[in-house]
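Work through the exercises below with the sequence and the model open beside you. Each task is followed by a solution in steps.

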There are 2 protein chains.
Amino acid sequence: MEPQEKTSHERAVLSLNSRFYQAFATRDFELMDEIWGPSEPIACIHPGWTTLLGRNEVMASWKGILSNTKAPSIKCLSPKVHLLGPMAFVTCIELIGELALTATNVFRLEEGTWYLVHHHASPLPSYAKVVPDASKSSDPDGTKMVH
Amino acid sequence: MEPQEKTSHERAVLSLNSRFYQAFATRDFELMDEIWGPSEPIACIHPGWTTLLGRNEVMASWKGILSNTKAPSIKCLSPKVHLLGPMAFVTCIELIGELALTATNVFRLEEGTWYLVHHHASPLPSYAKVVPDASKSSDPDGTKMVH
């Protein structure tokens, strides 16, 4: 449970975040297309990819990803919304099959409607499969030392 | 070269993004502390870690990271600023020693001053060491298939 009641904007952003994962999980490209903002800037960092910039490039990537009929199940866990006026970001855990990832999703309020404008997902160490709400990794790959 | 001239806010955000990497590279905790916003929300996702939430937890992580005197050199390449009113996000490549990472840095305008409020860095495949501005990975670890 959250310590404070959510504002209507926070609820709207969390709802849109859920719809993003619904579109992802059901491979619904039309819904995915509605969720992303109609205007630039639009950006996306898929796990292990460098940044995709611009709506056309980002949506083309989703078209490819959602056309993969062998994709495993997708769930969003522990979403936390951080509201900053007409923008917000959500941090959450993604469970994709047996992989755990961490994600940042950036949203923008445009003429009264919230849209997704940036998604960045990256892998978590394997132990996070079992303990997705752990506060940090045990640094199995040594990245903690440099960063 | 960028196709359009930058606005003063875009220049201010890029300058702050540079100072963030300067603080990181020179292990200057005081500068790092100035760069991060004075008020919540503050969040940070170090490579392979789950999300750190709140200023205290985030700054404690930087205190630990910057105290590592064996840390390799750090450079920021190809920063791109995306302005959304009183918020902005920068996407860029980080070169840490011989590792290449991709980063999202979220900034907020607070009483006329820009601050960093969220940092998410994640590893790129090894080929990105050589071609940091490539548009995407060749998916050596198969994550592209699921995401």
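**Exercise 1.** Why does the sulfur of Cys76(B) form no bond with the closest cysteine sulfur?

Some conventions come first. This is a predicted model, in which local features need pLDDT of at least 70 and side-chain atom pairs count only at pLDDT 80 or more, while totals for chains, interfaces and linings use all residues. Residues are numbered from 1 along each chain as its sequence is written, chains are lettered from A and ligands numbered from 1 in the order in which they are written, and side-chain values use heavy atoms, with hydrogens and water left out.

Step 1. A disulfide is a covalent bond between the sulfur atoms of two cysteines. The rule used here asks for a pair of cysteine sulfur atoms within 2.5 Å.

Step 2. For Cys76(B), the closest cysteine sulfur belongs to Cys92(B) and is 3.8 Å away, which is too far for a bond.

Step 3. Cys44(B) also has Cys92(B) as its closest partner, but the sulfurs are 13 Å apart, again too far for a bond.

Step 4. Over all chains, the count of disulfides is 0.

Step 5. Compare the surroundings, where buried means under 20% relative accessible area, exposed over 50% and partly exposed in between (1.4 Å probe, protein chains only). Cys76(B) has 25% and is partly exposed; Cys44(B) has 0% and is buried.

**Exercise 2.** Describe the ring pairs that involve Phe20(B).

Step 1. A pair of aromatic rings is described by the distance of the centres and the angle of the planes. Rings of Phe, Tyr and Trp (its six-membered ring) pair if their centres lie within 6.5 Å; planes under 30 degrees apart count as stacked, over 60 as edge-to-face and the rest as tilted.

Step 2. By this rule there are 8 aromatic pairs over all chains. In one of them, the ring centres of Phe20(B) and Tyr21(B) are 4.7 Å apart with planes at 70°, so this pair is edge-to-face.

Step 3. Between Phe20(B) and Phe24(B), the centres are 6.1 Å apart and the planes stand at 50°, so this pair is tilted.

Step 4. Place the second pair in the chain. Both Phe20(B) and Phe24(B) belong to helix α1 (residues 8–25) of chain B, 4 residues apart, about one turn of the helix. Helices are DSSP runs (H or I, at least four residues), strands likewise (E, at least two), numbered from the N terminus.

Step 5. Check the accessibility. Phe20(B) is buried at 0%, Tyr21(B) is buried at 4%, and Phe24(B) is buried at 2%.

**Exercise 3.** Where does Leu31(B) lie, and what does it touch?

Step 1. Leu31(B) is part of helix α2 (residues 29–35) of chain B. With a relative accessibility of 10%, Leu31(B) is buried.

Step 2. Contact means heavy atoms within 4.5 Å. Leaving aside residues up to four places away in sequence, Leu31(B) touches Arg19(B), Gln22(B) and Ala23(B).

Step 3. From Leu31(B) to Phe20(B) there are 11 residues in sequence and 8.0 Å in space, C-alpha to C-alpha.

**Exercise 4.** How are chains A and B related?

Step 1. Copies are superposed by least squares on the C-alpha atoms of residues with pLDDT of at least 70 in both. A rotation of 180° with 0.0 Å of shift along its axis brings chain B onto chain A (RMSD 0.0 Å).

Step 2. The two copies are thus related as by a two-fold rotation axis. In chain B, Ser122(B) has the C-alpha nearest the axis, 2.9 Å from it.

Step 3. Of the interface residues of chain B, 100% are also interface residues in chain A, so the copies meet through the same surface.
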